Amino acid sequence: MATEHVLRMKGGVGETSYTNNSLLQRKVIMEVKTILEENMTFMMSNKSIKGCWKIADLGCSSGPNTLLAISNILSIIHNIYLKLNHGKPVFQIYLNDLFENDFNTIFKLLPDFYQQEKEKNVGECFISATPGNFYGKLFPNNYIDFFHSSYSLHWLSQAPKDSTKKAKPLNMENICVTRTSPPSVYDAYCKQFQIDFKCFLKSRFEELSSSGMMVLTFLSRETVHEISSCEVLSTVLNEMFQEGLVEQEKLSMLDLPIYYPTIKEVRQVINEEGSFTLQTLKTFKIGWDANLQEDLDEYVLDNKMRGEFIAKYHRAIFEPLLIIEFGENIVDEIFSRFAKLIAKIMELERLEYTNIVLFMTKDL
């Protein structure tokens, strides 16, 4: 089944929903805010001021994080207008994600969001949804002024396939790239990332206005020796296969369309595609359990609690896909084991994500 028809975060507002299990992603959005503000202030001081800003959030997902990212952008632009003694701008916001995304949960948050922005006096704001695959055109040419995307571009359009095996999965023993994957698997995933990212950049170049800007945040890696959460999930599923709880055929057919590129690989694609000037490229690390301590105030945390926290937000990410592959009854067991394995790993090493942030402008 095509990725765009099955890939989504877990919707709704339940205990295991993405809405209630996305503290880490929220932390990342706030980390990027300063980078965004610095770059936008510099770029807008050298460009004409717009009356209406058309802004698109690509891979917006669902829940309050979507509106947090938009609120940050509106506040930055509003403050820049104040410093330049310009009137209030008008904002047209387009929220984009795949067709199965839970847009309804976002819509239910809009009345409070509109009231909040009205009290901040940032200017009129109009929000609409634009469902579709961002590995292709979404908007008319020269239409969008600013693109934002957070934690979306490490998701590929599809997992790479081995053409010599009649389109069967390439990575038969794992569901993703792992530290033990052979070079051929890394090469196949990297090639798919290059194809997808070039397509993404080409589409955004066509859609951006002449003074358009774009900020992208996604997961990266420094070396092939870094453990990933997808590798942990792969280990859990293989253990369950050994115990007869997961069917071999279903497991061997599952390849997650996820790839964490290195900085070198990202730069290479941007340079080869040639449509954008890279104004800023920064990286920062964030713990897998980021924001957990803040959420629980002064509560003393142990690795068991950290593992359960990490398992919850991974469940919100992967549950819809795993249900399609293995059925609903097995999901509790998968993430119970996932939490326990994470707790064991955290006794031996600190688990951190490497994040990459790109701020780019359209080449004319």
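Which backbone oxygen lies 2.6 Å from a polar atom of the side chain of Thr66? In this predicted model, the oxygen belongs to Cys60. That is a good place to start.

Thr66 sits in helix H3, which covers residues 64-83. Is Thr66 buried or exposed? Thr66 is buried, because its relative accessible area is 1% and the cut-off for buried is under 20%. Its surroundings can be listed. Leaving aside residues up to four places away in sequence, Thr66 touches Asp57, Cys60, Ser61, Leu95 and Ile106. Cys60 thus appears twice: in that list of contacts, and as the owner of the backbone oxygen 2.6 Å from the polar side-chain atom.

Next come the nonpolar cores. The largest has 82 residues. Four of them touch the most other members: Met40, Phe146, Leu237 and Phe318. Helix H10, residues 303-326, gives the most to this core, with 10 residues. Take Leu237 as an example. With residues up to four places away in sequence set aside, Leu237 touches Ile175, Val246, Leu251, Leu254, Leu322, Phe326 and Ile334. Another core lies apart from the largest one. This other core has 34 residues, and Leu58, Phe193, Leu201 and Ile356 are among them.

Now turn to the empty space. How many cavities of 30 Å³ or more does the structure hold? There are 5. The largest contains about 620 Å³ of space. Its lining is made of 42 residues, and Met9, Gly59, Tyr151, Ser152 and Trp155 are the closest to its centre. Several elements each supply at least two lining residues: helix H1 (3-6), helix H2 (23-44), H3, strand E4 (144-150), helix H6 (229-242) and H10. H10 provides the largest share, 4 residues. Helix H10 therefore has two roles in this account, as the element that gives the most to the largest core and as the main supplier of this lining. By class, the lining has 21 nonpolar, 17 polar and 4 charged residues.

The second largest cavity has a volume of about 250 Å³. Which residues lie nearest its centre? They are Val177, Arg221, Glu226, Ser228 and Tyr260, out of 23 lining residues. Strand E7 (208-220), H6 and strand E9 (352-362) are the elements that give two or more residues to this lining. H6 also supplies at least two residues to the lining of the largest cavity. By class, the lining of the second largest cavity divides into 12 nonpolar, 6 polar and 5 charged residues.

Note on methods
Residues are numbered from 1 along each chain as its sequence is written. This is a predicted model: local features need pLDDT of at least 70, side-chain atom pairs count only at pLDDT 80 or more; totals for chains, interfaces and linings use all residues. Side-chain values use heavy atoms; hydrogens and water are left out. Buried means under 20% relative accessible area, exposed over 50%, partly exposed in between (1.4 Å probe, protein chains only). A polar contact is a pair of N or O atoms within 3.5 Å; within protein, one must be able to donate a hydrogen and the other to accept it, and residues adjacent in sequence count only if both atoms are side-chain atoms. Contact means heavy atoms within 4.5 Å. A nonpolar core is a set of buried Ala, Val, Leu, Ile, Met, Phe, Trp, Tyr and Cys residues joined through side-chain atoms within 4.5 Å. On a 1 Å grid over the protein atoms alone, a cavity is a set of points where a 1.4 Å probe fits but cannot get out, and a pocket is an open set with protein on both sides within 12 Å along at least five of seven lines; lining residues have an atom within 4 Å of a point. Grid points are joined across faces, edges and corners, and a volume is the space filled by probe spheres set on the points. Ala, Val, Leu, Ile, Met, Phe, Trp, Tyr, Cys and Pro count as nonpolar, Asp, Glu, Lys and Arg as charged, and the others, Gly among them, as polar.
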